[in-house]
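Student: I should like a close look at one part of this structure and at the side-chain pairings around it. Please give one connected account.

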Amino acid sequence: MYQVIIFDWEGTLSDCDHLLPGAFTCVSALHKAGYRLAVATNKSARSLAHDLKHTGLEGFFEITRSADQTFPKPHPQMLEEILVYFQV
């Protein structure tokens, strides 16, 4: 069984300006339980890095992919790159 979770950023963990209620607790608990975490978002890499630092989630995700690194969603490339990274 794989223990990999790929999150979207906006609408899943954040409402653009703040973390959604329970998001930090959820991500922290999953990380502590040994899940390998990633983010795939249509935000820019710079904007995502800022948000991760600002929210305290910076160290929880092994890999992130954003629209300025690969084709944006719904194209599957960023998800495929994350799956390759995790060897899934």
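Is E62 buried, partly exposed or exposed, and what is its relative accessible area?

Tutor: In this predicted model, E62 is partly exposed, because its relative accessible area is 37%, a value between the 20% and 50% cut-offs. The residue takes part in a salt bridge with R36, in which the closest N and O atoms are 2.8 Å apart. This pair links distant parts of the chain: R36 belongs to strand 2, E62 to the loop between helix 2 and strand 3 (63-65), and 26 residues separate them. R36 is likewise partly exposed, at a relative accessible area of 33%.

The search of the whole structure finds five salt bridges. Another of these joins the side chains of K43 and E10, with an N to O distance of 3.4 Å. K43 sits in the loop between strand 2 and helix 2, whereas E10 sits in the loop between strand 1 (4-7) and helix 1 (23-32), so the pair ties together parts that are 33 residues apart in sequence. The two partners fall into separate accessibility classes: K43 is buried, with a relative accessible area of 12%, while E10 counts as partly exposed at 36%.

K43 also meets D51 through a salt bridge between their side chains, at 2.8 Å from N to O. D51 counts as buried, because its relative accessibility is 10%, which is under the 20% cut-off. Salt bridges with shared partners thus join E10, K43 and D51 into one network.

The loop that holds K43 merits attention at T41 as well. T41 lies between strand 2 (36-40) and helix 2 (45-55), and the side chain of T41 reaches the backbone nitrogen of K43 at 3.1 Å. T41 is buried, with a relative accessible area of 2%. If residues up to four places away in sequence are not counted, T41 touches D8, W9, L48, R65, S66, A67, K73 and M78. K43 therefore has salt bridges to E10 and D51, and its backbone nitrogen is reached by the side chain of T41; K43 itself is buried because its relative accessible area is 12%.

The loop between helix 2 and strand 3, where E62 lies, also contains F60, which leads to the aromatic residues. The count of aromatic pairs comes to three. One of them is formed by F24 and F60: the ring centres are 5.7 Å apart and the planes stand at 85°, so the pair is edge-to-face. F24 is in helix 1 and F60 in the loop between helix 2 and strand 3, so that this pair, too, links distant parts of the chain, 36 residues apart. F24 counts as partly exposed at 35% relative accessibility, whereas F60 is buried, with a relative accessible area of 15%.

A further aromatic pair consists of Y85 and F86, whose ring centres are 5.0 Å apart and whose planes are at 80°, so this pair is edge-to-face. Y85 is partly exposed, with a relative accessible area of 40%, and F86 is buried, at 5%.

To return to the opening question, E62 is partly exposed, and the salt bridge of E62 with R36 links the loop between helix 2 and strand 3 to strand 2.

Methods
Residues numbered from 1 in each chain as written. Predicted model: local features only at pLDDT ≥ 70, side-chain atom pairs only at ≥ 80, totals over all residues. Heavy atoms only, no water. Helix = DSSP H or I, 4+ residues; strand = E, 2+ residues; numbered from the N terminus. Buried < 20%, exposed > 50% of the residue type's maximum accessible area, 1.4 Å probe, protein only. Polar contact = N/O pair within 3.5 Å; in protein donor to acceptor, adjacent residues only side chain to side chain. Contact = heavy atoms within 4.5 Å. Salt bridge = Lys/Arg side-chain N within 4 Å of Asp/Glu carboxyl O. Phe/Tyr/Trp six-rings, centres within 6.5 Å; stacked < 30°, edge-to-face > 60°.
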